[in-house]
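Subject: The two-chain model, and what turned up in it

Hello,

Here is the structure I promised to pass on to you. Have a look at it first, and then read on for my notes.

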Amino acid sequence: MGGSASGEIKAEPNMTPLLDVVFQLITFFMMVFKISGENYDQRVRLPVAGSARPVEGKPAEDRLILNIDGKGQLLWNGESLDIDRAMKELRTQSQLVRLNLKIQKKEVADGEPLPTTVVFRADKNVPFTQIYRYITACQTQGFVKFALKAMSGEG
Amino acid sequence: MKKMKHEEVEVQITPMLDMAFQLLTFFILTFRPMPTEGQFSMNLLPSSPSIDMAKTDKTTDATDSSETPAFLRTLTVQLKSNLDGSLAEMSIGENDFQSLEQLKTRLKEIVADKTLPFDQAVIQSDPGLRYEDLMRVIDVFAGPEVGITKLSFNEMSGV
């Protein structure tokens, strides 16, 4: 209409705002992606408990997360361990904790309780006896602080 | 002297946008929002937990309840399971409860009664009880209406 018949109309949309938005979206998804990559095994279906309190603020550094599947096997680094290996792993972990504390000059004697919190992420179908076995095994290794994970709502 | 030549440099933005969209697609497709997880924190000491648990809380409350021996302040709840692992029956002393509502009502009465010193509980459970049902009981204890958060566990020997 406005241009001449022979003249070439060059449409150059401004891409910069679009690119800005796309980068912002990418940043958002990248940040969310990192959180979900924590030591949470998706194979574990947690039970629901309305009064389970979400962890406020930054979770304590000093914690040991135990994922237990529906068969009562410990999921460790993506691998499911049978009971013997699981117990061995717990022993190793407690030794590592003690060693770490020794390095930090906060040595804990053998009978003394360890400051590490053991976080149980157990499947909702695990029988109590399996959970109890892990709890007692942890207690024998000197862990006294426990946390049982559950979904905060039906969602 | 060299003559300044005015040259327009055009930055190709389209490939960058393509790549950005690809990245965006990847993140959208792999995005699985984490559901909110809550937790119940507890101190469980190896032997006779309820007694030792009281020791750890010595500094927190200096009410008359701390003078009562821990075993008198500990409420024992027994959980029995069906063969499929679901919760069959709960009992406190002589009282049996078939539903969680009944248990909650009784616990509310116990908590409301100031003459009773209970402020912690031991949950004795059948070995076969599913964790889901155990969690429902813990939920009743730790919920705002009852508020007994000092819990420990015990396994009932085979019946």
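Let me begin with a sheet that draws on both chains. It is open and has 7 strands in the order S1(A)-S1(B)-S6(A)-S5(A)-S2(A)-S3(A)-S4(A), with mixed pairing. At its edges stand strand S1 (53-54) and strand S4 (79-81) of chain A; each has a single partner strand, so one side of each is left without a neighbour in the sheet. Helices and strands here are DSSP runs, H or I of at least four residues for helices and E of at least two for strands, numbered from the N terminus. Two strands count as paired if DSSP finds at least two bridges between them.

Before going further, a word on the model: it is predicted, with local features needing pLDDT of at least 70 and side-chain atom pairs counting only at pLDDT 80 or more, while totals for chains, interfaces and linings use all residues. Residues are numbered from 1 along each chain as its sequence is written, chains are lettered from A and ligands numbered from 1 in the order in which they are written, and side-chain values use heavy atoms, leaving out hydrogens and water.

Where do the chains meet in this sheet? S1(A) pairs with strand S1 (residues 37-43) of chain B in the antiparallel sense, over 2 bridges. There, Arg53(A) stands opposite Gln39(B) in S1(B). Two helices of chain A pack on the sheet as well. Helix H2 (residues 83-103) touches strand S2 (63-68), strand S3 (74-76), S4, strand S5 (114-122) and strand S6 (143-151) of chain A, and its direction makes about 150° with that of S5(A). Helix H3 (residues 128-140) touches S2, S3, S5 and S6 of chain A, at about 170° to the direction of S5(A). Contact means heavy atoms within 4.5 Å; axes are lines fitted to C-alpha atoms, for helices over the stretch in contact, and angles run from 0 to 180 degrees between N-to-C directions.

S2(A) deserves a closer look. Of its 6 residues, 6 are buried, where buried means under 20% relative accessible area, exposed over 50% and partly exposed in between (1.4 Å probe, protein chains only). Both faces are covered, with Arg63(A), Ile65(A) and Asn67(A) on one side and Leu64(A), Leu66(A) and Ile68(A) on the other. S2(A) runs parallel to S5(A), joined by 6 bridges, and Arg63(A) has Thr117(A) as its bridge partner in S5(A). With S3(A), S2(A) runs antiparallel over 2 bridges, and here Ile68(A) is partnered by Leu74(A). The hairpin of S2(A) and S3(A) has 5 residues between the strands, and Gly72(A) in it takes a positive phi near 85°.

As a whole, chain A holds 3 helices and 6 strands, running α-β-β-β-β-α-β-α-β from the N terminus on. Of its 155 residues, 41% count as buried.

Chain B has a sheet too: an open one of 5 strands in the order S4-S3-S2-S5-S6, with mixed pairing. Strand S4 (95-97) and strand S6 (150-155) of chain B are the edge strands, each pairing on one side only. Neighbouring strands of this sheet are turned by 25° against each other on average, direction ignored. Within it, strand S2 (residues 74-81) and strand S3 (residues 87-92) of chain B pair in the antiparallel sense over 5 bridges, and Gln78(B) has Ser91(B) as its bridge partner in S3(B). Helix H4 (residues 100-112) of chain B lies across S2, S3 and S4 of chain B, at about 15° to S3(B). From the other chain, H3(A) lies across strand S5 (120-125) and S6 of chain B, running at about 110° to S6(B).

One last residue: is Met135(B) buried or exposed? Met135(B), in helix H5 (residues 131-142) of chain B, is buried, with a relative accessible area of 0%. Leaving aside residues up to four places away in sequence, Met135(B) touches Pro47(A), Val48(A), Ala49(A), Leu148(A), Lys149(A), Ala150(A) and Phe40(B).

Best wishes
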